[in-house]
Every structure is written in C-alpha cells, then in structure tokens.
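Hi everyone, thanks for making the time today. Have a look at the structure on the screen, and I'll walk you through it piece by piece.

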Amino acid sequence: MNQVRRILLVSLALAAAAVGSVRAQETAPQDGIESAALDIVPPGPPCALTVRDYLEHSDSGDKIEIEWGLSPDDGSGAGDVTGYVLSRSLAEGEVGDVLEEIASGATHYVDVSVEPGVEYYYSLEAYDGTNSSERVWAGPVAGRVNLFQWSRLSVLVLMLLFFAMVTWFTAAAGKGAKLFVRRIPGLNAIEEAVGRATEMGRPVLYVPGIGEIDNIMTIASLNILSHVAKITARYDTPLIVPTARAVVMSAAEEVVKQAYAEVGNPDAYNPDNIRYLSDAQFAFAGAVNGIMLREKPAANLYMGAFWAESLLLAETGFEAGAIQVAGTAMVSQLPFFVTACDFTLMGEELYAASAYLSREPKLLGGLKGSDWMKVVSIVLMVAGIVAHIVGLEWFVAWFQTQ
Amino acid sequence: MRRQFPLALCFISGLFMAVQYFIPHPMVQDMYERLLIWLQTLLAFAFLLGTVSLIRVHYHKIRHRADDRGYSWVTLLALCLMIGLGFFHSAHHAQGSPFDKMFQNVQVPIEATMFSLLAFYVASAAFRAFRARTLESTLLLVAACIVMLGRVPIGDMIHSSIPMATRWILEVPNLAAKRGIMIGVGLGMMATSLKIILGIERAWMGGGD
Amino acid sequence: MNIFERFMEIDRRWIFLAIGIAVIIPFFFPLGLPVVVTEPVQNLYDALDEIPPNGQPLLLAIDYAPATLPELEPMSLALLRHAFSNDVNVAVLTLHPAGYGLAERAMNQVAEEMGQVYGEDYCFLGFQPGISAVILGMGVNIRNVFPEDAYGTPLSEIPILDGVRNYDDIPLLISLAGWSAAEAWVYYAHQPYGQDVGAGVTAVMATDFYPYLDTGQLVGLLGGMRGAAEYEGLIDHHDAGVRGMDSQSVIHILIIILIVLGNIAYFGARRKKREQERNAA
Amino acid sequence: MAAIIWTTIGAVLTLSVYSFLYKDNPFYKFAEHLVVGISAGYYLVIYYFNFIQPNVVSPVFQLRLGGEAIGLGSNTWWLALIPGLLGLLLYTRFFPKIGWVGRWPLGIYVGGYAGLGLSPIMQARVLDQIGANALPLTSVTNILVVGGLLGTLTYFFFSMKHKGVLGVMARVGIVFLMVGFGASFGYTVMSRVSLLIGRVSFLLHDCLHLI
C-alpha cells in the first residue's frame, strides 16, 4: 500500500517538475531539479493550524498569533523537514505573499505586521529542502484593537493609590491640617553647632550646594537656611553663605534677609556675607576652603546638592576643627559626609527636615505620600512572602514586570 | 495666557504621556510617537539655550571689565573656533578633521584629568578626615576597606576570603540598603513629577507674573 | 604638641606626591597579579557570546563623556573585540553629545585592528538628544529616531540593519555610561519592551546597580576599570584595564594604610589631650 | 609630525590641570576656561548635525519640495514645522517683554518628560524591587535581605516616632545603610584611582612611549 502511494507521489512530482510548476520554483532552491531526483517525497503537512488575535500583551491590534502542530516528518518520520513557509492573504483560498520562512521544530509565530481590524487568511506548508507538503489553511482572523494594556494593571492601581495619597496630603496640609512629621535628630545638631559658634564668637558657614535653583535639594536647603538664619539672627552670630549659582545667591539673600527681619534683628543682616564665588566646581570648592581657613567658622553646614566637591569641603572643614553637619540626597557623596562630619542628614531626611521646618504643603504632601507608600510596599512584600509560602506564585508575578 | 496657559499645556502633555502607557490603541500610539519627536526637538533647542546663556555671561564679564575677563576671552574664542571648524570646515564630522582633533586632544584630556584630581584628594582625606568616631562611621570604614581590598587582585593574594566577603557585602547588605534607597528616591521622583503635572510645583516657570 | 599631632599636621602635598609615585611605579615594575572574574561580568560575557553571528546586531550605547573615559573606554574596546571576533554585528549609538567622538574613536580603532567593514559588520547611528524620548521612540521604530546613520546614509541602505525594526530585533543592548543613561535604558527599554539590557558603569555607580542585577533587569554589569580588566581577561586580550590593575592594588593598599594611620593619630591625639586635661584638673 | 604636536598639546593640558594640586594658578584657570568654550562649541555642532539638521531643517524642506521625509512620522510640511517653531519660542526669554511666551513650549516639555517617567519608574524602582524582595525566608541570606529592606524603609519613615519596634527596625536599617555606604565608598575610591591611572597611562604610554 505504502509502495503504491510512493509511486504515485513520484510520478506526481515528476509531472510537476516537468511542467515547471510555479509553486515548485517558489519554494525549491536553485538546485531544485537536481535534488528532486534524489528526494521526491514531499513531507507530511503540519497539522491543526490555528490563528488568533494576539492577547498576551494587550497590543494595538497589529499582531496575530499563529500556532500549528509539527509535520509528521519534522523530527520523527522521515525527519527531513527543514522548515515551514507561512503565507498570508486577504481572500479565502488565495495563497498571497510569503510572510516568513520558519525553521523546523517551531510551532508558534507572531505576525507583527497586520493592519488592525483587517481580516486575513493564513496558510502553512512544510518543506524538506526540495518538496513542499500540502498546504493547511486557517482564517479569517483580524487583529483587535485593545483599549487597555491589562498586563500593566498593577502599575496603574498602585500609581493611582500613591497619587491619591500625595494629593490628599497636599490638600490637607494646604488647609492647615496638622500632619505629623517626626523631628529629625540632625536639626538638634544644627542648633548645637550654631550655639557653639556663638560661644566661640566665630561665624557660621552655610553651603547650599552647587545645584541650580530648580533642584529640589537646593529648594529644601533654602528652607533649612531660613531656619538657620533665624537662629543666627537671634544670637547675633555672623552667617556666611557662599553660592555657586547666581540665581541661588539672590534667592539666599532674600531668605536670610527675611529671616533676620522676622526675628526682629534686621540690622544684623550683612549682605556681604551672601557671596557668589564661581560656577566652576573645583574653583568653588577652592574658594570655600579659603573662607574656612581665613575666617575660621566654628560651624560648617553643608545642605543641598553636592557632587565630587563634597570631599574637598568636608576634609578642609574637619582639618580646621569646625563642627560639621551635612545633608544631601546625593547618595554617592553621603559616605564622605558620614565619615568626615559630626552629623549627616541622609537622603530623604533632608527633605523631611525641610518639610518639618517650613510646613509647606507641597513638601509635606510629597513626603507623607511617599511615607505611606513605603508602608504599602512593606505590606506588598510581606504579602508576597506569604504568597510564596502558601504557593500563590501568581501574586508576585502580577506586580512584577510582565 | 501668561501663567494659566503654560500650566494647562504642561498638564495636558504630562497627562497624555502618563496615560498612553496603558492604552495600546493605534490612534493614541501614533500621537505618542509624534509627541516623542516634539519632546526631543524641544530638548535640543533647550540645550542650545545653555550655550546662549554662556555667551551672555562671558560677554557681560568682558563688557563690565571684570578682573578675570581674560579667561572669558579664552572661553568665547574657543567656542567661536569650534563653531567655525564645525560649520565651515568641509569634513567637520570625519575622524581626524581639525574639529575632531580639537575634541580628542583638548576637551578629552582636560575633562578626563579634572576628575582624576580626586584620587589625590581622596587619599589626603583618607588620612585627615575619615574618622571612625561613631559606630556608624566605623561600620562604614570597615566595609569600605574590605571592599577596596576585595576588588583588587592583591586582596585575593592576601586571603581568599576577602573577595568572598566583598561579594557578600555587595549582594546582601548593600543590595538591601540600595534597594531601600532606590524605592524611596523612586517615590520622591514620582511625587515630584505628579506635582509638576498638576501644577503644584511651578519652579520651572521661573519668577515674574 | 605631641607626635600624633605633629604627624597630622604634615602638608597634604606630601600625600599627593606619595600617590603620584605609587601610581607610576607599577607601570615600570608590573606585579602581574591575576584578575579573577566575577559573576556579573561573566553573565554579560555569556549574553554577548550567545548572540548568533552575522545576524541581528548587538546595540552598543557609548553614553560616556571624557570625564569617565579611563574607566569606560577599556570596556568599549573589550566588548567590540569580543563581538567582532564572534562575527556579531554591532550598531553603535550615543545619548551623550561627547559620546559622538568617543564612540567613533573606540569603534574605528577596533574595526581597523580586526578588519571590519562599515555597514556590513558595524555601523554608527550617531547622537540623539532627549534620553527617555529616544529610548522609548526606538521601541516603536528605530528609524523614527535615527532616520539616517551618523554620516547621512538612510538606515534602509545599511545591510546589517536590514529587517531591524525595534527592540524585538535586538538580541542584546549594552549601555556604557558614567551617568544616569544606563538606568534610563532599564526604565525605558527593558521595562516597557522587555529588551535585554547589560551595562558598564563607573565604579562610583556600580554598587547602586546591584538591585537591578538581582531582579534580572540587567543581564550583566561591568563596574569600573576592574570590570573592564575582567572582561579583557575573558576575551584574552589584555589592554588598559589589566595594565591598570597593579597600580590600583598598590594605591588601594596605600589609602587603607592612610585611613588606619589617620585614625591612630586622631585617637592617639585625643587620648593624650584627655590625659592632659585630667592631669591639669 | 602633526600627531606629535596634538599629543603634546594633550599632555601639556593634562599637566596644567595637575598643577592645581600644588595650588590654583593661571595654567589651571586657562585649561578650565578653555574646556568650557571647546565643549560648548563641540556640543552645539553635534546637536545641529545629528538632530536639528536631519530632523527639523531637512524634513521641512523635503516635504515642501514634494519629497518624502523620513523618520518624522508626519506627512505634511507644516506639521514638521511645529516642533521647530516651539523650540524657537524658548528663546523669547532673552527678550524681557515677550519672555513669558517661552513658558508655552517649556510647559509641554516639562510636563511631557514628567509624564513619560511615571510608570516606568513605578515599575522599575518600586514594584519589581518589592517583587524581587518577596523572598521565601528559607536561608540566612534571604532573611537578611528582607530584614535589611524593612529596616531601611523604616529608617526613612517619618510619620511616626522611632520608638519601640520601629526604633529597633530603624537601627537595623542604619546598620545596613552604613555597610551599603561603605561599599559605595570603596567603589568611589576605586573609581577616582582608575581615572588617575588612566591619565598616567596616557602620559607614559601615549605621550612618552615609556611603557
């Protein structure tokens, strides 16, 4: 029986070769005729071709997913299938254009080049280097436009929760609600440092970093500067503020002047002590170091955005024997401040100190929102750990990247 | 028009960019593609704004006869030279053109050397300022010394446990601490972005009416 | 003034001199200490090694500026050498304007050394401003962002970019940066598009990237000159990275000694002072 | 010959910067100001030829002439013109009377970039990290990583006083933070030293050919 089929197929193939069938030319390589003499048995066709709109990543309707079962001669059987040829057309029964030649062993393909909403027909044939199997058909299928990317639901949910908290706290603070922020230990250290400078009759040096005025750290620093200026105004201790940006200098002038006026000691304000030194990083650091050595401040406060110059400032200050308090959210500079200063406000502590002192709604809103989001994060993490224990692995997968 | 309109533009553009992440509809995505190119263009123009400001600063120094105006001349002439070589020398972007040579032999050595100065300052600060005065700074310095030894070949020669300890520090306590900071900073960044979009944070508009 | 105090008062320029000498000597008398390969470097090496030859290109983002050149250029050279010796195609681009000249310099050096042909083995897309907009735009279509290469040739005419549309056609992306660009590739290429991202960063930033390695958001990481030296060892082509490791060892030892001496002197001086105060009282 | 001259220029400038170690001096100041001008000029040219020329200038001309623009995603010349015009509006800030117009493009720009970052940052910096930290508490390492993150987050929690359990957790957090900072410290030192090695290698290897 098998032999009869073989003979039949051989004659069919020869006939096809003789008339130079378009299809044979399309699919066979250049040396097709020659090898046809050696292998004239087409492979068995792939089975169960299915097509469907691609849903895994809630796409924009430009993807269609195609799956099939292996040809009986792929891997097993004659084992000579080298690949599959996938074609796509717009009309039923038509072969259309070759979309892709897929290596053997594959049973899955995603067409990423479809027009959303257009109906397509797909056909697939197995191919053994010389002969092609019968074609299997599937369709019609259309890529559906999705309105929501479901795989990103977790991001949306948690983001909305976070934003709700931030806006709620901001609004509440704006209406004058008393939002609790714990006192930051670094603030006591600042007051002690200023107190000691007063005792010694030496000035206080306040460096607001080298960030621009729109840097959040600089803004936070100016709030703390206002607090420091009020203390120095009360004690009548000179306050030197060197700056690296012209705009920051004028902002600092305003802040200090107003603080002196609020405390009722406007005459003690000395505009010459708010100085613009240089925009260049190392030149600025050099000039501040000059101030430390000449004017010998007893307290050095570094608050704001610092880069590599942190090291130069902290070293000279330490050497000069001043009490040093630093605060920055530049993580890479924190280690130097921690080892060379008496006290350091680390990362968000700078913002918290600023919000604590100024009670400004927008600072408080962000701080409190982030605070409670951290609680949510901890809860999520603990829930994830529990989920691992009870075997609910999908829970962690849900909020991790998909 | 002066304050409300730009705030509205900021809100619309921010909201659209935030929302498109969740909407795969082609209409939204087409607009998203176009807006991305707009944003890129604006960034390019905003960058060149910095150059104009630089010219103004140095021009003022020269006009007002500031003490160090000689250096302002250096900056301005260097700028003009590069623009001249870039725009009026035919093969400006080919390797080995005078424009490229200026970059490779003037800008590269100066910038690369500036930061290497810090190696000297770190050494001097190591001797004069890094003190194990508290439990915190002691922990920090001990961890730092282990890592410094563990990441150079000589650490392995001294004892094979040093690289292992370094790896443990990096992958356990460092990982946990940096992850905590990462989450905190990430939330702060998002809160700031949100406040910008909603018009609560307006520092970008500058002063004035 | 006791001995400790006097010891601490030395001019710091002596320390500068000591560092200067310590860095130069190992260049003339190399110790040749072996460099052991760590896991993040091995992972990046393996990821690049798995890219099929002459197929979809590796995307190499040379995002560094001159300030961090000594740490990051050895990485560029080592990665390019590895890719070219495996016949892996490479498309280079930069997000930093200064990266333009630095990318050309690294790329042309290695291409010349290994006889690679522009367009057929590698290409240079040039610089584009606007980090997040560029990275996200490339996720839609690289041609939206880079309509032509750095020399004005449309991308459609560059053979190795044939059939490359977006991140789906990029097996691996490596960003070399001394600033936040490397992180931006994680946020905007890995997160929304699932692109495999590897990074080479300065040692200053390296410790902050361990959380990304742990989650798999980064497939591998080269940290500082040491990372480059490890990679040079893996591809068996020793260059600036390995050459620098001896000096690195010597200076690290010197700095640790300085920290220890400084602390001894400090606590010694403090104890002396306390004793004096007690005696006076 | 030309190569020697260029390398010598590089070497002289490198030494000028190092002269700052002795003290601030005119050579250092010259190099410092020179590089500001050179880099600004370099960036300007690179921005123009890599971005503005192909993406702003040439599409407008090409579309105007009836050709096809590549890469812009827009197919009418006036649409290609809009971003460029908006960009030019930024420059009104140098004219005090109409300076406020510059806020329009700035609004689009600031808002757009703020919006773009939100979700990827939430995913990359928060959700993925928490997910990766939800570890089964089966090994000492896992317990330490979980405990360390709990402690660090508690330390940066400001809405309650650090007393009792919170106080203990915050102490744990600070221990982890300090070891983490120690790692950064070590790596930062390593980084700076590498930069110095690179420059010394340049002087000895590329300029003097001693090694």
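**Starting from one threonine**

Let's begin with a single residue: Thr8(D) is exposed, with 12 other C-beta atoms within 10 Å. Before I go on, please keep in mind that this is a predicted model. You'll find Thr8(D) in helix α1 of chain D. How far apart in space are Thr8(D) and Phe185(D), C-alpha to C-alpha? The two sit 35 Å from each other, with their positions 177 residues apart in sequence.

Now let's step back to the whole of chain D. What is it built from, helices or strands? Chain D has six helices and zero strands, so along the sequence the pattern reads α-α-α-α-α-α. Its radius of gyration is 27 Å, well over the 17 Å that the globule rule gives for 211 residues, so chain D is more spread out than a compact globule. If you picture a box along the principal axes, the C-alpha atoms of chain D fill roughly 70 × 55 × 40 Å. Of the 211 residues in chain D, 55% are buried. As for contacts within chain D between residues at least 6 apart in sequence, 16% of them join residues at least 24 apart.

Next comes the partner, chain B. This one has eight helices and zero strands, and from the N terminus on its elements run α-α-α-α-α-α-α-α. Chain B has a radius of gyration of 26 Å, where a compact globule of 209 residues would be near 17 Å. Its C-alpha atoms fill a box of roughly 65 × 50 × 40 Å along the principal axes. Buried residues account for 55% of the 209 in chain B. Among the contacts in chain B that link residues at least 6 apart in sequence, 19% join residues at least 24 apart.

How many residues do these two chains bring to their contact? On the chain D side there are 94 residues, and they touch 100 residues of chain B. Six helices of chain D each supply at least two residues to that side: α1 (2–18), α2 (26–64), α3 (77–89), α4 (103–133), α5 (140–155) and α6 (164–207). Which of them gives the most? That would be α4(D), with 23 residues. For those of you who think in side-chain chemistry, the side of chain D that touches chain B divides into 63 nonpolar, 26 polar and five charged residues.

Chain D also meets chain A, and there the contact takes 36 residues from chain A and 33 from chain D. On the chain A side, the helices that each supply at least two residues are α4 (153–174), α8 (281–295), α10 (334–340), α11 (348–358), α12 (361–390) and α13 (393–399). The most comes from α12(A), with 12 residues. By class, this side of chain A has 22 nonpolar, nine polar and five charged residues.

**Inside the assembly**

Let's go inward now. In soluble globular proteins, nonpolar side chains tend to be buried together. Here, the largest nonpolar core has 322 residues, and those with the most contacts inside it are Leu301(A), Val92(C) and Trp185(C). Helix α4 (residues 98–128) of chain B gives the most to this core, with 19 residues. What does Trp185(C) touch, leaving aside its neighbours within four places in sequence? Its contacts are Ala61(C), Ile135(C), Leu173(C), Ser175(C), His190(C) and Val197(C). Apart from the largest core lies another, of 19 residues, including Ile64(A), Val81(A), Tyr121(A) and Ala126(A).

My last stop is a strand in chain A. Is β8 (residues 204–209) buried or exposed? Six of its six residues are buried, so β8(A) is largely enclosed by the rest of the structure. With strand β9 (residues 239–243) of chain A, β8(A) pairs in the parallel sense over two bridges, and Val204(A) has Leu239(A) as its bridge partner there. Put helix α6 (residues 216–235) of chain A together with β8(A) and β9(A), and you have a right-handed β-α-β unit. β8(A) also runs parallel to strand β11 (residues 299–305) of chain A, joined by five bridges, with Val204(A) standing opposite Ala299(A).

That's my tour, so thanks for listening!

Definitions and conventions
Residues numbered from 1 in each chain as written. Chains lettered and ligands numbered in written order. Predicted model: local features only at pLDDT ≥ 70, side-chain atom pairs only at ≥ 80, totals over all residues. Contact = placed C-beta atoms within 7 Å. Helix = DSSP H or I, 4+ residues; strand = E, 2+ residues; numbered from the N terminus. Nonpolar A, V, L, I, M, F, W, Y, C, P; charged D, E, K, R; others polar. Rg over C-alpha atoms; globule rule 2.2 N^0.38 Å. Buried ≥ 20, exposed ≤ 12 C-beta atoms within 10 Å, placed from the backbone. Core = buried A, V, L, I, M, F, W, Y, C linked by C-beta atoms within 7 Å. Pairing = 2+ DSSP bridges. Right-handed = clockwise from strand over helix to strand, strands pointing away.
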